[in-house]
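Please read the points below alongside the sequence and the model. They take confidence, one helix, a helix pair and the contact between chains in turn.

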Amino acid sequence: MKSGHIIACVTVLGVLASGVSGVAGRQNASQFRATTDVVIVPVSVKSGTRVVPGLTAVDFELLDEGIVQDVTLRMVETLPIDVTLVVDTSGSVRGRALEQFKGNVRRIAETLQVNDRLRLLTFAANVSDASGLQSGGVALDVERIEAGGATSFYTALAAAVVAFPLAERPQFIFGFSDGADNMSFEQPGQVRSLVLRSGNALYLQMGQSRSAPGREAEKVLRDAAERSGGALYTGDVTAGLPEGFERALTDFRTSYVLTYTPRGVSRSGWHNIVVRTKERKYTVRARSGYDAE
Amino acid sequence: MVPFADRRLPGLVLWLVVAAMVAASASHVPAGAPQSGTAGGVRPAFHAESDAVWMAATVLDEAGRLVTDLTKDDFEVLDNGQSRDVSFFRNDAVPFSIVVMIDMSGSMLGALPLARRAVSELVTTFMPGDRANVGLFAGIPTVAPRFSANLQTILGWVSVDRIAGSCRQWAYRPLLPPEAAGKGGVTALWNAIECGIETAAVDSETPRRVVLVVSDGEDTMGLGPPGGAPQDAAAVLTKLAAQYGIMVYAIGIRGPEPSSSREQLAKLAANTGGGYAQLTNRDDLPEMFARVGEELRHQYIFGFTAGGADVSARTFEVRVRRPGLSTRARRVSVHSAPPVMVATSIPNSPVPTASEESVDAPRLGDAALGAVSFSRLDAYERGEAIEASGLSLAPMDLFAAVQGLRRMAPAWIRAGGTEAVARRTLAVATYALDLVDQNSRVDWPEPITPYDFVEWACSMVRGTPASPAERSWQLASTALLERVTVMPRAGSPIGALQPDVPISLPAKNRFTAHVRHGEERYPEEPLWGLARAIVADALPEFAETRAGQRASRIKGYENVLSRPTVFGTDGQFTSVSLVQQEARVRMALVELVFGNSEAALRLLDQAGTPDDPALRYWYGLFKGRALETAERSADAVAAYRIAFAAYPYAQAATTALGAALVTDHQSTEASALVSRMLLLRPPPSDPWFAYRTPLYRHWPDLRRELRSAIKP
């Protein structure tokens, strides 16, 4: 075992045990890489559309490369979380819509607890990290945000997943777009593949697609979101942004986090994992595996 | 002032004078209507998507007299019955152009001197900016080659010589069967009006356009207008006139007895917001012409914003709040503020003759010509950076600048002397391209379009000897029009992976026609084929099957690849092999879109790694994606690194590389790369965003060449 891995392992376990946030901006320094030491697996368990509460570790079965593992379990609501907001600032949100949008982003930031952390990515043709990692509850500086241009939603989602992989705390990505993507080189299939590898929960709020390609993209993204333990909402996206976020946050906080130290699987590289409950009638959503570098 | 419709005028019998309701136009050309410009002019495009509406209205009192002292508050504008706020209002003189179509059939031949007097009366009412064209008709209509404000010029067109066919360039076009040509006694009334409308439509100098037709009121050919039977004449011609916002006035001479033709004429006039009068005494014709001029002089102009949907499918109504008044109103064909610039005539030849100059010299100074002036063109010629003063213009200023350049160019070119004609012509044409470039993403005020403007400039440079500089101009204009054609005006390029753009055939055809001009001049240049292929790929023809869709998108590239690579390259902007390399790279993306990653890889291997940075970027992107599809993640990472190296941290390549690194178990590097990408301000330029308008990447170099070539 490499010493770096031991440090990462201790850091993760320490944070999970204490439930105390790290300092904003320190994520890269203490980033958890899914080592062979400790693996973190966010899990969503639902019966129909309802979250199943009150489960314990013994209710779960987790297989790493087919080998059953001993897991510990925490509820997300007992842990600080990282949130990545990926929001559309393309030409469709100019003028009054932009002002409304800024107010909505501020409200979302205020929704979070002080131990949580938030990062704001804005996108039009390009995507930018507009805030850095900030503590929850603080007033985000959104005044300088401008709107205009094309829409690279898929690229923005892919960038969010790649840039900010699952760290020492549960993370969810909330993506919002009120228009059709018309610029991305990345496509929904790539986003899905990345999300399922990442362990991040993906929640999306989007306008209803009218075109055939748009509907097909929505179908793939919905699949990606649901398989990650998140969801995709459509409807009045601008007016309902804070409400959509709150619904997603509530849903996410009622999910679980399993951690385990892999046993009986020594090889590096990609590990397939399967998570299920012993009560098979539930729908269980979890990452499909992890990379042991 | 007594209006056109005054019932008290001795000898007048009025058939129909009031048409308060205006049915807005259909947005397409009726079946059978001609598709090409006439008399050397260029037919303006019709923008049905604008929601800004302009209307001209005439107001009469109960006695039929013009009412000229109303204010904005006296009017109410209804859009499909809904009241709209009037955002623009004027009741002063707004320039108009008028096409006078005079019946010279057997029954009317003796009235030629009278017609000349009538035209003279009309022209004496002209204010700065007003212009006229004259057409004569019997069996076949003819029109003068241009508009003019000069009385002598206009009167010269009211000549019996034209009936004898002595002025060959005046032939309009053979609307009628050949056997009808010799029938001096017949009257092809509907074809003549159609000819008048088409002539007015090609005049892009003035916002208000009018056709005034004088006839004995009977169509004796029995052919009807193109696309309709005689009994449908009013409906068909209304539709055509409405397409261009043209008002039709009609004056019938002789006999008060009703006839089908007269009813149709009156209906047409009412529908288009014009007027119809029947003269029992033909000597009243001059006075009637003067009254048409006065009525046009005293119209009110309104601008307002229509609610939501296509204005071409709506009904607009202008009401006067004061009791006892009625209106005749017509939607006019501009959706910018009506310009006040002076415009006299547009020469059809690139460099007009001295005699034309003396007839149609400018009547106002530079200030009336928008952003263009002699001194400005002088500065541009010297290479000064006049762009810094802002060529990106508001619609009204753009209209003025475009028309001002067209107006002024011939005189400015001549002012440089004979030796400077070719160079100065190139300067004007390059200036035109700068205007198009700076304004390529805004709505152009109807009726001008970037295509018409570039074609005007193109016709000028084609009138000069072929040269490398002119070839650069042809390539530069092609690059600009490619951008105009492919890129939606108010948005950005649509991702080439999901072509979901409404196909704009007229735009595509205009672009293709322009490319043909360049190709005719410089057939050895290989870029023309690629230009056509790119637009065909971006705006593919409809196909029901995926195989058909694929074929439609790659057909142009296959044509490029079929060109012999041994073709000479001396003096060309690019070489056949480079063009073919680009065609292969672009074709590879089409293959990827249609799931043929192996075919894509073959094409990219054949292309080889390009030297051109943008092309190398696209090459790396597409190769990476093809290799990812083939589950060769390490090779995909290597390919994406090619793109990344060409444009470091450009977002499409950086994100794609990051995603491929994740798949290749290199998440740490992926995270570092993409995190850094997200923090760069401003984001580095990304050739992916320009993928649909690739020729535009050559514009800066071509423009630099042109600016250098036009210096004295």
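1. A residue is called buried if 20 or more other C-beta atoms lie within 10 Å of its own, exposed if 12 or fewer, and partly exposed in between, with C-beta atoms placed from the backbone. Helices (H or I, at least four residues) and strands (E, at least two) are DSSP runs, numbered from the N terminus. By the first of these terms, 13 of the 13 residues of α22(B) are buried, so this helix is largely enclosed by the rest of the structure.

2. This is a predicted model, in which local features need pLDDT of at least 70 and side-chain atom pairs count only at pLDDT 80 or more, while totals for chains, interfaces and linings use all residues. Residues are numbered from 1 along each chain as its sequence is written, and chains are lettered from A and ligands numbered from 1 in the order in which they are written.

3. On confidence, the model scores ipTM 0.86 and pTM 0.62. The average pLDDT (the predictor's confidence in each residue, from 0 to 100) is 81 for chain A, where 85% of the residues score at least 70. Among the elements of chain A, α3(A) has the highest mean pLDDT, 96, and helix α1 (residues 3-18) the lowest, 33. Chain B averages 74, with 71% of its residues scoring at least 70, and over its residues 332-370 the pLDDT is below 50.

4. Helix α22 of chain B covers residues 651-663, and at 1.5 Å a residue (taken times one less than the number of residues) its 13 residues should span 18 Å, which agrees with the 18 Å between its end C-alpha atoms. After α22(B) comes H665(B), whose phi is positive, near 65°.

5. Helices α5 (residues 189-201) and α6 (residues 233-244) of chain B pack at an angle of about 5°, with their axes 9 Å apart; axes are lines fitted to C-alpha atoms, for helices over the stretch in contact, and angles run from 0 to 180 degrees between N-to-C directions. Angles under 35 degrees count as roughly parallel, over 145 as roughly antiparallel, 65 to 115 as roughly perpendicular and the rest as oblique, and α5(B) and α6(B) are therefore roughly parallel to each other.

6. Between chains, where contact means C-beta atoms, placed from the backbone, within 7 Å, 32 residues come from chain A and 27 residues from chain B. On the side of chain A that touches chain B, α3(A) gives the most, with five residues.

Conventions. Contact = placed C-beta atoms within 7 Å.
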